[in-house]
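Thanks for coming. I have one chain to go through today, and I will take it region by region. Please have the view open while I talk.

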Amino acid sequence: MNKFLWGSATASYQCEGAWQEDGKIESMWDSYLHEKQLENGDIASDHYHRYEEDIRMMKEGGQNAYRFSLSWCRILDENEKVNEKGIEFYKSIIRCCRKYGLEPFVTLYHWDLPQYLEAKGGWLNKETVYAYERYVKVVFEYFNGDIQYWTTFNEPRWFIFNGYWIGNYPPEKKDKSLTAKGAYHVMLSNALAIRAFKEMKISGQIGIVHSYTPIDGVDESPACLQAMRFADNYCNNWVLDTAALGQIPKDMVEKLSKEGVDMSFILEEDENIIKENVVDFLGLNYYARALVKPYTTGETELIVNNKGKAGKGTSKTIIKNWFEQVMDPNSEYTEWDTEIYPKGLQDGLIRAHLKYKVPLFVTENGLGFYEDVSNGCVDDVYRISFLNDHINAILNAKELGADVRGYFVWSSFDLYSWKNGCEKRYGLVAVDFDNNLVRIPKKSYFWYKEVCESEGQSIVRKKL
Ligand code: BG6
């Protein structure tokens, strides 16, 4: 049996920087953030030039795995010609991982679509599905044998919903019908990547990473149970059922059709591909659950707080005729309105285990916080407590039978947190963005080292 993976995670756009070096083409995020003159990842943590130091620190921090993503824009140019320098960059990262005894855990797509494809309609254009299939085939060909753990996408819900329904990510649309279409194209791409993986007999296993939001209800009334089902379809099932069971949730498709969404883009031949090509494992990113109640009144309202303390309490999820999300008065929330609720992870892992019956990895979990890193040390006791309680939840779930094979802290080091900028810090290692991007291990880094080295024995155990 493979060893339990104790690692940490990053994503290309959020940490690499070097946005136009060595033949990398423009991604949709480069273009969008430049155009809007917003804080961007042009330099980010400069991992492109400092990956050796970063990976060495992971090793010295006791970790045995590194989850990172490949940037499509470094690997292929506008004419889909392979950029050897991009290939070489990721080969170097993998060599470095091996040198330090870290297992590479690779995401094929973490939101940085080439801009030329976005300009042609992005995930709304079925051509992007086939471009993605060609891209992953190139990666499989070049990296076969180097990687054991592959994932097709990071968080389809997050980039599709934020881009097409909530409207806070590019291309800033707010349209349920576009969302349904984009979501379908991504899930079809996932199945095509798995098909290619099998047909090309690539070594290792392939999964998908989902922004897992276990659903709880305010009570057990029939109306609330129905709202929970709607919320589960919205948050989880369209990704997890489609990827792991090969089935797009039927009741969701019916409901969307009844609400006037034209679902004729679903083709029988695609459904067969989806049915026949399911994942080997699931990667679950856990930040919080959703507590829901039945929908009451008013229009759909979707607000994500990207302003931190200036916007605290403004987040809202109301889906007309589906459900409403509520805050739990007994819970603590971060400045960005994320509930701190480790029990959701324990419950969610058990539910996912019972429903999908595939190995599970917690591919992201962490706490975003404002931190002053200028005096050379970060005493992040709040993060230690957060991580302890969430790892405890995983250990509980394992003891209750969930087949969990690994855990990755988000993030390995401070990086660019999309619309929240660099001031929302998640890292085990601080990056001083104002002082030459110096790396400073936080207290949590040393704490996590002990957790990894003791394989979880040092966790303070609690019943949840
Ligand atoms: C996940 C993503 O949604 O959560 C990461 O996979 C992201 O890319 C992380 O950075 C934390 O979210 P945020 O919005 O606080 O950066």
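K357 is exposed, because its relative accessibility is 65% and the cut-off for exposed is over 50%. Keep in mind that this is a predicted model. K357 sits in the loop between α13 and β14, the latter being 360–364. Its phi is positive, about 55°, just after α13. Where does the side chain of K357 go? A polar atom of that side chain lies 3.0 Å from the backbone oxygen of L354. There is also a distant part of the chain to mention here: the C-alpha atoms of K357 and F281 are 8.9 Å apart, with the two positions 76 residues apart along the chain.

Now the helix before that loop. Helix α13 covers residues 342–356, which is 15 residues, and at 1.5 Å a residue it should span 21 Å; the end C-alpha atoms are 21 Å apart, so the expected and the modelled span agree. Which residues of α13 are buried? They are P342, G344, L345, Q346, D347, G348, L349, A352 and Y356. As a reminder, an α-helix has 3.6 residues a turn, so residues three or four places apart point the same way.

Next, salt bridges. How many salt bridges are there? The count comes to 37. I will go through three pairs and one network.

The pair R95 and E88 has its closest N and O atoms 2.6 Å apart. R95 is partly exposed, because its relative accessible area is 48%, a value between the 20% and 50% cut-offs. E88 is also partly exposed, at 38% relative accessibility.

The second pair is R195 with E133, at 3.6 Å from N to O. These two are in separate helices: R195 belongs to α9, residues 176–199, and E133 to α7, residues 126–143, so the bridge links distant parts of the chain, 62 residues apart. Is each partner buried or exposed? E133 is buried, with a relative accessible area of 11%, whereas R195 counts as partly exposed at 28%.

The third pair is E299 and K320, whose closest N and O atoms are 3.2 Å apart. E299 is in the loop between β8 (290–294) and β9 (301–303), and K320 is in the loop between β10 (316–319) and β11 (323–326), so this bridge ties together parts 21 residues apart in sequence. E299 counts as exposed at 55% relative accessibility, while K320, at 32%, is partly exposed.

The network joins E371, D380, R383, D414, R425 and K442 through salt bridges.

Those β8 to β11 loops bring me to the sheet. What is the strand order? The order is β6-β8-β11-β10-β9, five strands in an open sheet with mixed pairing. At the edges are β6, residues 215–217, and β9, each of which pairs on one side only. From one strand to the next, the twist averages 35°. Strands β9 and β10 run antiparallel and are joined by three bridges. For a landmark on the display, find E301, which stands opposite I318 in β10.

Which helix packs on this sheet? Helix α10, residues 222–245, does, and it touches β6, β8, β9, β10 and β11. The direction of α10 makes about 130° with that of β8.

That is the end of the tour; I can go back to any region.

Conventions
Residues are numbered from 1 along each chain as its sequence is written. This is a predicted model: local features need pLDDT of at least 70, side-chain atom pairs count only at pLDDT 80 or more; totals for chains, interfaces and linings use all residues. Side-chain values use heavy atoms; hydrogens and water are left out. Helices (H or I, at least four residues) and strands (E, at least two) are DSSP runs, numbered from the N terminus. The expected span of a helix is 1.5 Å times one less than its number of residues. Buried means under 20% relative accessible area, exposed over 50%, partly exposed in between (1.4 Å probe, protein chains only). A polar contact is a pair of N or O atoms within 3.5 Å; within protein, one must be able to donate a hydrogen and the other to accept it, and residues adjacent in sequence count only if both atoms are side-chain atoms. A salt bridge is a side-chain nitrogen of Lys or Arg within 4 Å of a carboxyl oxygen of Asp or Glu. Two strands pair if DSSP finds at least two bridges between them. Axes are lines fitted to C-alpha atoms, for helices over the stretch in contact, and angles run from 0 to 180 degrees between N-to-C directions. Contact means heavy atoms within 4.5 Å.
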